[in-house]
Structure formats: C-alpha cells, structure tokens
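User: Could you take a close look at one part of this protein for me, and set it in the context of the whole? I would like to see the reasoning spelled out as you go.

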Amino acid sequence: ILLHGPSETITSRIFELGSSGVEINSKQDLIDKDYPTIPNGDLYLMYGIKEGVSSKFNNVQFDIKELKKYSGFRSSPKPITVTLSELMSCIIK
C-alpha cells in the first residue's frame, strides 16, 4: 500500500499489508473507538500494515500524479488500485 498525505503527490511511504486481513468498521464503530477525526463516510475498510517495508524499495519516491487513476484534489483520499508495474513507472528518477 502506498500512502500520501494532504497536498502530497510525491511520497516514499510504501508498506506491506499485514496478514490479519481487512476489518470493516461503521462510522459509529470509529466514533466508539475514539477515532482521532470525525468520520464522514458510512463504512470504512481498515488494513493493518507492516512497518519498515519501505527499505525494500530503497526509499524511492513515487509521483502519484503519474498514475492513470489518480484524480487529485478532493478525490485524492479515495483509494485506487494499480498494478505493480504501473506503480513502478511513477518512480522519480
């Protein structure tokens, strides 16, 4: 999984998904768990990640604007799926 923050289109934060699978949470589940922000969607998929996987990629940087499915602005927090070869094609050299 490749993560980026607000107004960030270049990132090196790539992680391996954890083996525990996906957890489905409702908006109310997150509120009950004292989630740090107010959820604005009805359902959320939560994945565990393994730390330190970025070193396997030698801390390369990815320009996510180069991904075909990246739409930017308000849609950028929405997850997209890409192939590994497409992800590798947006590495900044």
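Analyst: Happy to! Of the 93 residues in the protein, 22% are buried, and one buried side chain makes a good centre for our close look. That side chain is Phe-62, which is buried. Please keep in mind throughout that this is a predicted model.

Let's start with how far the prediction can be trusted. The mean pLDDT of the protein is 88, with 95% of its residues at 70 or more. Taken element by element, the lowest mean pLDDT, 88, belongs to strand β1 (residues 2–3), while helix α1 (residues 27–32) has the highest, 96.

Now a quick sketch of the whole. The protein has two helices and six strands, and from the N terminus on the elements follow the order β-β-β-β-α-β-β-α. Along the principal axes, its C-alpha atoms fill a box of roughly 45 × 30 × 20 Å. The accessible surface comes to about 7,100 Å², with 55% of that belonging to carbon and sulfur atoms. As for charge, there are 11 positive and 11 negative side chains, and the centres of these two sets lie 7 Å apart. Sequence separation is worth a glance too: among contacts between residues at least 6 apart in sequence, 57% join residues at least 24 apart.

With that in place, we can zoom in on Phe-62. This residue is found in strand β6, which covers residues 62–63. Its relative accessible area is 0%, and a residue is called buried when that value is under 20%, so Phe-62 qualifies.

What surrounds Phe-62, leaving aside neighbours within four places in sequence? Its contacts include Leu-2, Thr-9, Ile-10, Thr-11 and Ile-14. Phe-57 is another partner, and the list goes on with Leu-87, Met-88, Cys-90, Ile-91 and Ile-92. Among these, Leu-2 falls within the residue range of strand β1. For Met-88, there is also a distance to go with the contact: Phe-62 and Met-88 are 26 residues apart in sequence, and their C-alpha atoms are 7.9 Å apart in space.

The partner Phe-57 deserves its own paragraph. The structure holds one aromatic pair. The rings of Phe-57 and Phe-62 have centres 6.4 Å apart and planes at 70°, so the pair is edge-to-face. The cut-offs behind that step are ring centres within 6.5 Å and, for the edge-to-face class, planes over 60 degrees apart. The two rings have unlike surroundings: Phe-57 has a relative accessibility of 24% and counts as partly exposed, whereas Phe-62 is buried at 0%.

Next, a look at the loop between β1 and β2, where β2 covers residues 10–11. His-4 lies in this loop, and it is partly exposed, with a relative accessible area of 27%. From His-4 to Ile-14 is ten residues in sequence and 9.1 Å in space, C-alpha to C-alpha; Ile-14 is one of the contacts of Phe-62. Ser-7 is in this loop as well. For a backbone check, note that phi of Ser-7 is near 60°, a positive value in a residue other than glycine. Its relative accessible area is 85%, so Ser-7 is exposed.

A similar backbone feature turns up in the loop between α1 and β5, where β5 covers residues 43–50. Asp-34 is placed in that loop, and its phi is near 55°, again a positive value in a residue other than glycine. At 66% relative accessibility, Asp-34 counts as exposed.

Pro-39 is in this loop too, but with a relative accessibility of 6% it counts as buried. Setting aside sequence neighbours within four places, Pro-39 is in contact with Lys-27, Leu-30, Ile-31 and Tyr-44. Tyr-44 sits in strand β5 and, at 21% relative accessibility, counts as partly exposed. Beyond residues up to four places away in sequence, Tyr-44 touches Glu-23, Ile-24, Asn-25, Leu-30 and Pro-39.

How far is this second group from the residues we met earlier? The C-alpha atoms of Tyr-44 and Leu-2 are separated by 17 Å, with their positions 42 residues apart along the chain. Pro-39 and Leu-84, 45 residues apart in sequence, have C-alpha atoms 30 Å apart.

Notes: Residues are numbered from 1 along each chain as its sequence is written. This is a predicted model: local features need pLDDT of at least 70, side-chain atom pairs count only at pLDDT 80 or more; totals for chains, interfaces and linings use all residues. Side-chain values use heavy atoms; hydrogens and water are left out. pLDDT is the predictor's confidence in each residue, from 0 to 100. Helices (H or I, at least four residues) and strands (E, at least two) are DSSP runs, numbered from the N terminus. Buried means under 20% relative accessible area, exposed over 50%, partly exposed in between (1.4 Å probe, protein chains only). Contact means heavy atoms within 4.5 Å. Accessible areas come from the Shrake-Rupley method with a 1.4 Å probe; for residues, only the protein chains shown count as cover. Lys and Arg count as positive and Asp and Glu as negative; His and the chain ends are not counted. The place of a charge is taken as NZ of Lys, CZ of Arg, CG of Asp or CD of Glu. Rings of Phe, Tyr and Trp (its six-membered ring) pair if their centres lie within 6.5 Å; planes under 30 degrees apart count as stacked, over 60 as edge-to-face and the rest as tilted.
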